[in-house]
Structures are given as C-alpha cells and as structure tokens.
Amino acid sequence: MLKDFQVRRMFESIAFSYDFQNSVLSMGQDLSWRRVLAKSIRVLDRHLILDMATGTAEVAIEICKHHPRIRVVGMDFSPAMLSIGWRKVRARNLEERIRLSIGDARFLPLKNASFNAVTMAFGIRNIEERRVVLSEFYRILKPGGQLLIMEFGYPDNPILKGLYRLYFDRVLPLLGNWLSRTDYAYTHLVESVRTFPKEEEFLEEIGESGFVQLKVKKLTYGIANIYNGIKPDAPPPRFPGKEGGERAG
Ligand SMILES: C[S@@+](CC[C@H](N)C(=O)[O-])C[C@H]1O[C@@H](n2cnc3c(N)ncnc32)[C@H](O)[C@@H]1O
C-alpha cells in the first residue's frame, strides 16, 4: 500500500490526463457507473452533498445534472486534480452549485451533521485508515443522511472473472502506466483493488461505523460496486437487548 503522500504525489502527476485514462481503460464504462451513482442519491431540493475524493469533479458534475436544486462540496487532497475539476465546473457554469475545496478524508474540515449525503468514487481503496474515514463520514452526515461509496471489484462469474483479471492484472498496468507516463500508477491500482476487502467485509466495516440499511449494488457484473448505508435517525443503542438502551451504573 502506498503512503498517503505517495498517493497524493501520484494523483498530482497523472492529473493532466486522468479523465482520458479513465475512459480509455474502462472502455467508457466509468461514465455510466458515475451516472448510476448520481441517480442513487435520495435528496431533496437545496440539500447539500459532499463528494469526497472528487478528483476532477466528474461525480460532482454528474450529481448536479440529475438533481437540479442541490449543492455539492467536492473535496480532495490533490490540488492538480481539483484545478482540472475547477475548469470543468466553470465551463459548465456550475460555480454557484459546486464548491471545490482541499481536504483530507481522514480529517474532514467540516462541521458535525452538516451534509445530507456523502459520495466517494474510487477513493477509499487508496486510504489505509478506512474506518477513520467512515467515522468522519458518519460525523458530518445529518441523521437520515445517505452514504454512497463506489469502488472496483471483480465479476462473480468465474469465466468472466478469469477474462477480466487477464485484462486487469496484465494489460491494464502496462497500458495505464504508459498513458499516465508513470511506472507505478496503474500497478498501484491493480494492487489496491486486489487487497481491498470483499463486498460483505466492507459492508460490515460500514455497519460497524454506525450505518444501517446496508446494501451493495453491482455494476457491470461486479467490476464496480456501490456500497450504500444510512446514518440512523437516532444513534444505535450501545447495549441492545435487555432494556434496549444504555446500561445503568
Ligand atoms: C481514482 S481518483 C477518483 C476521482 C473521482 N472520484 C472520480 O470518480 O473520477 C481518487 C482520488 O482520491 C483522492 N484521494 C486519495 N486519498 C485521499 C485522501 N486521504 N483525502 C482526500 N482525497 C484523497 C486522490 O487525490 C484522487 O483525486
């Protein structure tokens, strides 16, 4: 696993062609995955959404397309990714609705219970302290707020999985490293997906951070997954069972 400063340095150096690499290497699938993610958000007019690890603001822009009266804060720790995102936001006249800002997912510079939903696409597997990030999301969400995390996975079907892994493990690192002019960015991608927890394990981590109504939606046979959780209206009882509440004394 790369250290956080190495991850940031990597995104700083591949930002210039990040969107192009994404589209080529996913064969255009990334666009439809982000569309599904944006459409899965249940929000009302004027709600506020945090798109964490927003990168070049693709998800933030997609969210605005599908929810015409909400506002989005896009946050990322890579200035180079954000500056490309900012150009796209301006080109689409979305400055009033999308604010991009520097921040680290592990220490969100945001108030408690201030957002209606949090999205994060392809960011969590780069961060070793996943539980810290999940508890930060829990802290800044309002009660009833929705968490949506999209991350890569592998197809369930063994034949598809075999074919996909041939592409993902062998072809993608060569092609991706060449397109991004690095010798490690896409080797890191492959490694970080390989070591990311299985769907049920990651859902469990989300549940252990306090979220309820946990679900996972598989996209393109499981090549990408959207993990969904809700912050409960009232905090879960600490000692469920006897009186269903806190233990006295
Ligand atoms: C693969 S990109 C995904 C960008 C965007 N969400 C998308 O769908 O295209 C991962 C992003 O996560 C950001 N990132 C990684 N670790 C982070 C952290 N600890 N805090 C904030 N951003 C982080 C990187 O800077 C990068 O922009």
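Student: What radius of gyration would a compact globule of 249 residues have, and why can the protein's own value be said to agree with it?

Tutor: This is a predicted model, and for 249 residues the globule rule, 2.2 Å times the number of residues to the power 0.38, gives a radius of gyration near 18 Å; the protein has 18 Å, so the two agree. Along its principal axes the C-alpha trace spans about 60 × 45 × 30 Å, and the protein holds nine helices and seven strands.

Student: Among the helix pairs, what makes the relation of α2 to α7 one that earns a name of its own?

Tutor: Helix α2 (residues 18-25) and helix α7 (residues 158-180) have axes that cross at roughly 150° and come within 11 Å. Since angles over 145 degrees count as roughly antiparallel, α2 and α7 are therefore roughly antiparallel to each other. In handedness, α2 passes α7 in a right-handed crossing.

Student: Which residues of α2 and α7 meet, and what does their contact look like by class?

Tutor: On the α2 side Phe20, Gln21, Val24 and Leu25 take part, and they meet Tyr167, Leu172, Leu175, Gly176, Leu179 and Ser180 in α7. Sorted by class, this contact of α2 with α7 has seven nonpolar and three polar residues, with no charged ones; Gly176 belongs to the polar group, because Gly is counted there by definition.

Student: How do you know which name fits the angle between α6 and α9?

Tutor: Helix α6 (residues 130-140) packs against helix α9 (residues 199-208) at an angle of about 50°, the axes being 9 Å apart. That value is not under 35 degrees, not over 145 and not in the range 65 to 115, which leaves the remaining category, and so α6 and α9 are oblique to each other. Their crossing is right-handed.

Student: What meets what between α6 and α9, and which classes are represented there?

Tutor: From α6 come Arg130, Arg131 and Leu134, and from α9 come Phe202, Glu205, Ile206 and Glu208. The contact of α6 with α9 counts four charged and three nonpolar residues, and no polar ones.

Student: Why is the arrangement of α3 and α4 given the name it has?

Tutor: The axes of α3 and helix α4 (residues 58-66) cross at roughly 55° and come within 9 Å. Because 55° falls outside the parallel, perpendicular and antiparallel ranges, α3 is oblique to α4. This crossing is right-handed as well. Leu31, Arg34, Arg35, Leu37, Ala38 and Lys39 in α3 meet Glu58, Val59, Glu62, Ile63 and His66 in α4, and by class that contact has five nonpolar, five charged and one polar.

Student: Where does α3 lie with respect to the strands?

Tutor: Helix α3 (residues 29-39) lies across β4 (115-121), β5 (141-152), β6 and β7, and α3 runs at about 165° to β5.

Student: In the sheet itself, what makes a strand an edge strand, and which strands are these?

Tutor: The sheet is open, with seven strands in the order β3-β2-β1-β4-β5-β7-β6 and mixed pairing. The edge strands are β3 (98-102) and β6 (212-219), each of which pairs on one side only. Direction ignored, neighbouring strands of this sheet are turned by 15° against each other on average.

Student: How do you know that β6 is paired with β7?

Tutor: Pairing requires at least two bridges, and six bridges join β6 to β7 (residues 224-230), the two strands running antiparallel. Val216 stands opposite Tyr227 in β7, while Lys217 stands opposite Ile226. The two strands form a hairpin with four residues between them, and Thr220 in the turn has a positive phi of about 45°.

Technical notes. Residues are numbered from 1 along each chain as its sequence is written. This is a predicted model: local features need pLDDT of at least 70, side-chain atom pairs count only at pLDDT 80 or more; totals for chains, interfaces and linings use all residues. Side-chain values use heavy atoms; hydrogens and water are left out. Axes are lines fitted to C-alpha atoms, for helices over the stretch in contact, and angles run from 0 to 180 degrees between N-to-C directions. A crossing is left-handed if the near helix is turned anticlockwise from the far one by less than a right angle, and right-handed if clockwise. Contact means heavy atoms within 4.5 Å.
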